[in-house]
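Work through the exercises below with the sequence and the model side by side. Try each task on your own before you read its solution.

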Amino acid sequence: QVQLVESGGGLVQAGGSLRLSCTASGPTFSSGAMGWFRQAPGKEREFVATISGSAYYTNYAASVKGRFTISRDNAKNTVYLQMNSLKPEDTAVYYCAARSIRTIASMADEYAYWGQGTQVTVSS
């Protein structure tokens with residue numbers, strides 16, 4: 001069983017940066033793809049970024065491409081989301097997700113494990 005714990009959320013002004021971390025426990029972390037999703041109030045959960053088990057492949061939502069960077073450190077069982085040039089529309093609860101398959105995935109139902117979420121608020 002994989003357990004995921006996110007951290008690093010907070011309040012930041014537009015144009016600022018935050019780095020989210022997601023630390024995983026369980027035997028499949030180093031082999032499975034990881035993803036970040038977000039959910040704003042009144043909206044559906046949406047894909048943000050994904051990284052393959054080897055970290056060789058990544059994919060991003062169009063709305064964050066060029067501003068956000070996903071990375072992972074398998075030795076630390078941690079995946080990161082570096083968020084730069086933040087905008088008020090990035091405000092949401094950000095969730096980390098994991099799956100046992102190595103290939104990247106952008107659909108929420110392709111992930112079996114989820115963290116509890118961390119709030120990111122960007123003020124204008």
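**Exercise 1. Find how many salt bridges the structure holds, and work out which residues are linked in a network.**

Solution. Begin with the rule: a salt bridge is a side-chain nitrogen of Lys or Arg within 4 Å of a carboxyl oxygen of Asp or Glu. By this rule the structure, which is a predicted model, holds three salt bridges. In this predicted model, local features need pLDDT of at least 70 and side-chain atom pairs count only at pLDDT 80 or more, while totals for chains, interfaces and linings use all residues. Residues are numbered from 1 along each chain as its sequence is written, and side-chain values use heavy atoms, with hydrogens and water left out.

Step 1. Take Arg 38 and look for its partners: the side chain of Arg 38 meets that of Glu 46 at 2.6 Å, N to O, and it also meets the side chain of Asp 90 at 2.9 Å, N to O. Arg 38 lies in strand E4 and Asp 90 in the loop between strand E8 (78–83) and E9, so this pair ties together parts that are 52 residues apart in sequence. Strands, marked E, are DSSP runs of at least two residues, numbered from the N terminus, whereas helices, marked H or I, need at least four.

Step 2. Move on to Asp 90, which forms a salt bridge with Arg 67 as well, the closest N and O atoms being 2.8 Å apart. Because Arg 67 lies in the loop between E6 and strand E7 (68–73) and Asp 90 in the loop between E8 and E9, the pair ties together parts that are 23 residues apart in sequence.

Step 3. Put the pairs together: Arg 38, Glu 46, Arg 67 and Asp 90 are linked in a network of salt bridges.

**Exercise 2. Decide for Arg 38 and for Glu 46 whether the residue is buried, partly exposed or exposed.**

Solution. The cut-offs come first: buried means under 20% relative accessible area, exposed over 50%, and partly exposed in between, with a 1.4 Å probe and protein chains only. Arg 38 has a relative accessible area of 5%, so it is buried. Glu 46, with a relative accessible area of 36%, is partly exposed. As for the other members of the network, both Asp 90 and Arg 67 are buried.

**Exercise 3. Locate the disulfide and determine whether it is left-handed or right-handed.**

Solution. A disulfide is a covalent bond between the sulfur atoms of two cysteines, and here it is assigned to a pair of cysteine sulfur atoms within 2.5 Å.

Step 1. A search of the whole structure finds one disulfide, formed by Cys 22 and Cys 96, whose sulfur atoms are 2.1 Å apart. This pair links distant parts of the chain, with Cys 22 in strand E3 (residues 18–25) and Cys 96 in strand E9 (residues 92–98), 74 residues apart.

Step 2. The torsion about the S-S bond of Cys 22 and Cys 96 is about -75°, so the disulfide is left-handed.

Step 3. Check the surroundings: Cys 22 counts as buried, at 0% relative accessibility, and Cys 96 is buried too, with a relative accessible area of 0%.

**Exercise 4. Classify the aromatic pair of Phe 37 and Trp 114, then that of Tyr 111 and Trp 114.**

Solution. Rings of Phe, Tyr and Trp (its six-membered ring) pair if their centres lie within 6.5 Å; planes under 30 degrees apart count as stacked, over 60 as edge-to-face and the rest as tilted. By this rule the count comes to five aromatic pairs.

Step 1. Phe 37 and Trp 114 lie 5.1 Å apart, centre to centre, with 55° between the planes, and the pair is tilted. It links distant parts of the chain, since Phe 37 is in strand E4 (residues 34–39) and Trp 114 in strand E10 (residues 113–114), 77 residues apart.

Step 2. Tyr 111 and Trp 114 lie 6.3 Å apart, centre to centre, with 70° between the planes, and this pair is edge-to-face.

Step 3. Widen the view: Phe 37, Phe 47, Tyr 111 and Trp 114 form one aromatic cluster. Within it, Phe 37 counts as buried at 1% relative accessibility, whereas Trp 114 is partly exposed, with a relative accessible area of 27%.
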